Amino acid sequence: MLYSVFSPFLTQRTKSKFVISKEGNVAETLYKFIRPEDVPVQYGGLSRPSDLNGPPKPASEFTVKGGEKVNIQIEGIEAGATITWDIGVGGWDLEYSAEFVPNAAGSYTIAVEKARKIAPSEEAIRNSYTSREAGKMVLSVDNTFSRKKKVAAYRYFVRKSAIA
């Protein structure tokens, strides 16, 4: 609204230097100019003030279309390894869950985070899980209740067990 008041007094060259984003679309707009791992969590990114362990891990971006559910599979997790992940969706307002699926036949899938509705104002989620057996982590983002597409990013790292 403020921009619309001042824009008639600005030259076209000055106007071209502004990027205006609508609420719920901030992350998508920022990702066009800044990597998700460098955008602070309060703006839909993955950067946290507590991340002081060197340069941030690269993030992967993805889009969740309206009416769609996306499953991100992180494979190759060894027994005793700890996986830590960050996931953020611009303007959330959808369901998120995480589960560990062991490779061994007859093993049960473990619900690491039960499916829950994430409010639009919530920051990126950070969680970790230490596996007792080899398997894969599945992060689910369910946008089946909306028609709006959402832009998201995630990153992860795996620490192998020090016990051989």
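# Notebook: strands, salt bridges and a surface patch

**Entry 1: the start of the chain.** I began with Phe6, which sits in helix α1, residues 2-6. I am working on a predicted model. Is Phe6 buried or exposed? I found Phe6 partly exposed, at a relative accessible area of 47%. The cut-offs are under 20% for buried and over 50% for exposed. At 47%, Phe6 therefore falls in between. I then looked at the surface around this residue. Leu2, Val5, Phe6 and Phe9 make a nonpolar surface patch of about 490 Å².

**Entry 2: the whole chain.** I stepped back to look at the protein chain. I noted three helices and eight strands. Read from the N terminus, the elements run α-α-α-β-β-β-β-β-β-β-β. The C-alpha trace spans about 70 × 40 × 20 Å along its principal axes. How many of the 164 residues count as buried? I wrote down 35%.

**Entry 3: the open sheet.** Next I traced a sheet. It is open and has four strands, in the order β2-β7-β4-β5, with antiparallel pairing. Which strands stand at the edges? They are β2 (69-77) and β5 (110-118). Each has a single partner strand, so one side of each lacks a neighbour in the sheet. Neighbouring strands of this sheet are turned by 10° against each other on average, with direction ignored. I reminded myself that strands of a sheet pair through backbone hydrogen bonds, either parallel or antiparallel.

I then took one pair from this sheet. Strand β4, residues 94-102, pairs with β5 in the antiparallel sense over six bridges. I picked Leu94 to follow across. Its bridge partner in β5 is Ile118.

**Entry 4: Ser140 and Asn143.** I moved to strand β7, residues 135-142, where I found Ser140. Why does Ser140 count as buried? Its relative accessibility is 7%, and buried means under 20%. What does its side chain meet? The side chains of Ser140 and Asn71 are joined by a polar contact of 2.6 Å.

Past this strand I looked at Asn143, in the loop between β7 and β8. I had wondered whether a loop residue would be covered. Asn143 counts as buried, at 1% relative accessibility. I also checked Asn143 against Asp93, which is 50 residues away along the chain. Their C-alpha atoms are separated by 8.1 Å.

**Entry 5: the partners of β8.** I followed strand β8, residues 150-159, next. Strand β1, residues 60-64, is joined to β8 by five bridges, and the two run antiparallel. Here I noted that Val64 has Lys150 as its bridge partner in β8. Strand β3, residues 82-89, also runs antiparallel to β8, with eight bridges between them. One bridge partner here is Arg155 in β8, opposite Asp86. I kept Asp86 in mind for the next entry.

**Entry 6: salt bridges.** How many salt bridges are there? The count comes to eight. I looked up several of them, starting from Asp86.

The side chains of Arg126 and Asp86 meet in a salt bridge of 2.8 Å, N to O. This pair links distant parts of the chain: Arg126 is in strand β6 (residues 125-130), Asp86 is in strand β3, and they are 40 residues apart. I compared their surroundings. Arg126 is partly exposed at 34% relative accessible area, whereas Asp86 is buried at 4%.

Asp86 also meets Arg155 in a salt bridge, again 2.8 Å, N to O. This pair, too, links distant parts of the chain, with Asp86 in β3 and Arg155 in β8, 69 residues apart. Both Asp86 and Arg155 are buried. So the link between Asp86 and Arg155 showed up twice in my notes: as bridge partners in the strands and as a salt bridge between side chains.

Then I checked Arg116 and Glu122. Their side chains meet in a salt bridge of 3.7 Å, N to O. Arg116 is partly exposed, with a relative accessible area of 34%. Glu122 counts as partly exposed as well, at 32%. Last, I noted how salt bridges can connect. Those that share partners join Arg48, Asp86, Arg126 and Arg155 into one network.

Conventions
Residues numbered from 1 in each chain as written. Predicted model: local features only at pLDDT ≥ 70, side-chain atom pairs only at ≥ 80, totals over all residues. Heavy atoms only, no water. Patch = residues over 30% accessible without salt bridge, like charges linked within 9 Å, V, L, I, M, F, W, Y side chains within 5 Å. Areas by Shrake-Rupley, 256 points an atom, 1.4 Å probe, with all protein chains shown as cover. Salt bridge = Lys/Arg side-chain N within 4 Å of Asp/Glu carboxyl O. Buried < 20%, exposed > 50% of the residue type's maximum accessible area, 1.4 Å probe, protein only. Pairing = 2+ DSSP bridges. Axes fitted to C-alpha atoms, helices over the stretch in contact; angles between N-to-C directions. Polar contact = N/O pair within 3.5 Å; in protein donor to acceptor, adjacent residues only side chain to side chain.
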